[in-house]
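Could you walk me through this model in my viewer? I would like to know what to select next and what is there at each stop.

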Amino acid sequence: MTSEKRVSFGIKSLDSMICGGLLPGSANLLEGAPGTGKTTLGMQFIYNGITKFNEPGLIITFEEFPQQYYHDAMQFGWDFKKLEGEGKLKILFSDPETALTEFDKPTGEFVKMVEEMGVKRVLVDSMTHFEPMAQNPYERRDIERRFINALKREGVTSILLRENDSLLGNLSQITSKIPFIVDTYVLLRYVEVDSAIAKALCFLKMRGSDHQKEIRCYKITPKGIEVESKFSGKDGVMSGISHSAVSPQEAFMKAFGKK
């Protein structure tokens with residue numbers, strides 16, 4: 001575990017899972033199905049960075065116009081339009097080709113914006129849009145790597161969103177190599193617990209740092225994401241359908257029968 005200063009989400013229970021926060025200048029992937037709260041957690045990371053830690057933020061979106069972000073953020077009491085007016089936030093509606101081009105070269109317009117604003121945190125929504133840029137998996141990996149390395153070159157800590165269309169059960173096939181490129185890989189999932197749908201979060205990978213391996217329950221509240229306790233007494237949570245955990249003795253008796 002490193003003593004290097006961390007980049008906090010500003011969510012105490014979540015930060016505690018990763019020794020206080022993300023590593024500075026790291027690229028961090030949030031993957032999950034629609035509605036699991038990827039964008040909300042990303043916006044919360046940006047908002048808390050500005051308001052709690054005085055770290056300007058940049059949101060690059062390939063899906064929604066800035067007005068949609070203003071609206072969605074206000075549902076949690078986060079006034080993104082006001083922060084933009086104060087020069088602490090910029091929301092860019094772009095496309096993957098332009099984003100790659102502008103970040104790939106040190107003189108690009110996006111790079112100038114990052115440097116002029118003193119941007120420390122970046123949210124990209126979403127990396128899924130880079131996948132159609134190349135059919136060849138090696139070319140696709142090179143495109144993703146170039147974009148991520150360009151963000152790292154600028155010294156920003158980035159949250160990269162990626163969709164996974166699997167709602168419950170096994171994850172859909174991974175076509176991207178982003179999980180191998182990024183520093184941190186976080187999975188958000190719908191799970192069935194006691195005949196009800198809940199949401200689960202776990203850190204599958206965190207390069208250069210220790211992190212908790214437990215699976216946590218979380219909720220989307222009027223104030224944003226709140227991470228709660230781990231799932232106790234349940235196995236198979238991340239498979240989508242949990243079942244009661246059994247002791248080794250119980251497993252033995254079930255397998256071989258009572259003597």
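Start by selecting Asn54, which sits in the loop between α2 (38–53) and β2 (57–61). This is a predicted model, so please read each stop in that light. Is Asn54 buried or exposed? Its relative accessible area is 61%, so Asn54 counts as exposed, the cut-off for that being over 50%. Now look at the backbone: phi of Asn54 is near 55 degrees, a positive value in a residue that is not glycine. Most residues other than glycine have a negative phi.

Next, go to Cys19, in the loop between α1 (12–15) and β1 (27–32). Cys19 is another non-glycine residue with a positive phi, about 60 degrees here. With 30% relative accessibility, Cys19 counts as partly exposed.

For the third stop, select Asp125 and Ser126 together. The peptide bond from Asp125 to Ser126 is cis, and its omega is near 0 degrees. Most peptide bonds are trans. Ser126 belongs to the loop between β4 (121–125) and α7 (137–153).

Finish with three strands. Select β7 (residues 196–206) and β8 (residues 216–221): they run antiparallel and are joined by 2 bridges. Leu201 has Arg216 in β8 as its bridge partner. Then add β9 (residues 224–230), which pairs with β8 in the antiparallel sense over 5 bridges. Which residue of β9 stands opposite Tyr218? Highlight Val227 and you have the partner. To close the tour, follow the chain from β8 into β9, where a hairpin makes the connection through 2 residues.

Definitions and conventions
Residues are numbered from 1 along each chain as its sequence is written. This is a predicted model: local features need pLDDT of at least 70, side-chain atom pairs count only at pLDDT 80 or more; totals for chains, interfaces and linings use all residues. Side-chain values use heavy atoms; hydrogens and water are left out. Two strands pair if DSSP finds at least two bridges between them. Helices (H or I, at least four residues) and strands (E, at least two) are DSSP runs, numbered from the N terminus. Buried means under 20% relative accessible area, exposed over 50%, partly exposed in between (1.4 Å probe, protein chains only).
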